[in-house]
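Me: I am new to this structure and would like to go through it in short questions. Please show it to me before we start.

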Amino acid sequence: MASPLHIKGIRKAFGKGDKAVEVLKRIDIDVAPGEFLILVGPSGCGKSTLLNIIAGLEEPTEGELHIGGKNVIGMPPAQRDIAMVFQSYALYPTMSVADNIGFALEMRKVPKAEREKRIQEVAAILQIQHLLDRRPAQLSGGQRQRVAMGRALARDPQLFLFDEPLSNLDAKLRVEMRAEIKRLHQHSGITTVYVTHDQIEAMTLGSRIAVMKDGILQQIGTPDQIYRRPANTYVGGFIGSPT
Ligand code: ADP
Ligand code: MG
């Protein structure tokens, strides 16, 4: 089975000539099938840039990128077999929850009956069956985030990408949604790359953790490896210190 995600020598610079700023410096990561990989590091270290490159929203300056064994450099986001969940939910405000979830399937010309079946399945997994007729404005923050995840899940992607999906939620809801995301991953088995700057989220959700700083991958390993054998004082301090 091809690696769901293979990142090799990825570099990214913004700007040109002597104004160019390098925000990713030769990143190498291989993700195993079904893995939940956390990308963690302080604000501005390049996490979103790397995720956007995987999603095809940015192109790298240099390097190789394969999704499911396929070279995706230059391939538009819609063709990459990925689904992304952001911190802002960006649901379609005029559509019902059901239509929000089914929209990507409709775009792909999935027949109506099949679409409805998939919407029901996804709603059951996320426990939002009772919300299907509502509009986004009639939902709480946590419910909206569930719908955003449902919309991503409905596409049954090869790769799930999350960019700090919980950072707009209050502390109690954040803990609840963390458990929800864990359950979703266990249920779907979809390979996931999850960006956060929150050490606790990283340690509780990740099967492996990639620690970044200043565009450089400092260490990658299981939570246990990172915690017990940090590669350097930065990683030790970052994972060791409470938020
Ligand atoms: P993180 O998600 O870890 O907070 P980002 O990937 O968003 O970090 O940003 C990494 C660095 O790249 C930051 O210094 C940011 O200002 C810069 N950056 C991000 N996007 C752009 C862009 N489109 N143009 C110029 N600089 C950018
Ligand atoms: Mg970011």
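Reply: One term comes up at once: two strands pair if DSSP finds at least two bridges between them. The model shown is predicted. Strand 3 (residues 36-40) and strand 8 (residues 191-196) meet that condition, since 5 bridges join them, and their pairing is parallel.

Me: Which residue of strand 8 is the bridge partner of Ile 38?

Reply: Strands of a sheet pair through backbone hydrogen bonds, either parallel or antiparallel. Strand 3 and strand 8 pair in the parallel sense. Within strand 8, the bridge partner of Ile 38 is Tyr 194.

Me: How many bridges pair strand 3 with strand 9?

Reply: Strand 9 covers residues 208-213, and its pairing with strand 3 is parallel. One of the partnerships joins Val 40 to Val 211 in strand 9. The number of bridges between strand 3 and strand 9 is 4.

Me: Is strand 3 largely enclosed or not enclosed by the rest of the structure?

Reply: In a regular strand the side chains alternate between the two faces of the sheet. Here Phe 36, Ile 38 and Val 40 point one way, Leu 37 and Leu 39 point the other way, and all are buried. With 5 of its 5 residues buried, strand 3 is therefore largely enclosed.

Me: Which strands stand at the edges of the sheet of 6 strands?

Reply: This open sheet has the order 6-7-8-3-9-10, with mixed pairing. A strand with a single partner has one side without a neighbour in the sheet, so the edges are strand 6 (82-85) and strand 10 (216-221).

Me: What angle does the direction of helix 4 make with that of strand 6?

Reply: Strand 6 runs parallel to strand 7 (residues 159-163), joined to it by 4 bridges. Helix 4 (residues 141-154) packs on the sheet and touches both strand 6 and strand 7. The angle between the directions of helix 4 and strand 6 is about 175°.

Me: What are the edge strands of the sheet of 4 strands?

Reply: The order in this open sheet is 2-1-4-5, and the pairing is antiparallel. Each edge strand pairs on one side only; they are strand 2 (21-31) and strand 5 (70-71).

Me: Which helix gives the largest share of the shell around ligand 1?

Reply: The shell divides into 3 nonpolar, 6 polar and 1 charged residues. Among them are Phe 14, Val 23, Lys 47, Ser 48 and Thr 49. The largest share, 3 residues, comes from helix 1 (residues 47-55).

Note on methods:
Residues are numbered from 1 along each chain as its sequence is written. Chains are lettered from A and ligands numbered from 1 in the order in which they are written. This is a predicted model: local features need pLDDT of at least 70, side-chain atom pairs count only at pLDDT 80 or more; totals for chains, interfaces and linings use all residues. Helices (H or I, at least four residues) and strands (E, at least two) are DSSP runs, numbered from the N terminus. Two residues are in contact if their C-beta atoms, placed from the backbone, lie within 7 Å. Axes are lines fitted to C-alpha atoms, for helices over the stretch in contact, and angles run from 0 to 180 degrees between N-to-C directions. A residue is near a molecule or strand if its C-beta atom, placed from the backbone, lies within 6 Å of it. Ala, Val, Leu, Ile, Met, Phe, Trp, Tyr, Cys and Pro count as nonpolar, Asp, Glu, Lys and Arg as charged, and the others, Gly among them, as polar. A residue is buried if 20 or more other C-beta atoms lie within 10 Å of its own, exposed if 12 or fewer, and partly exposed in between; C-beta atoms are placed from the backbone.
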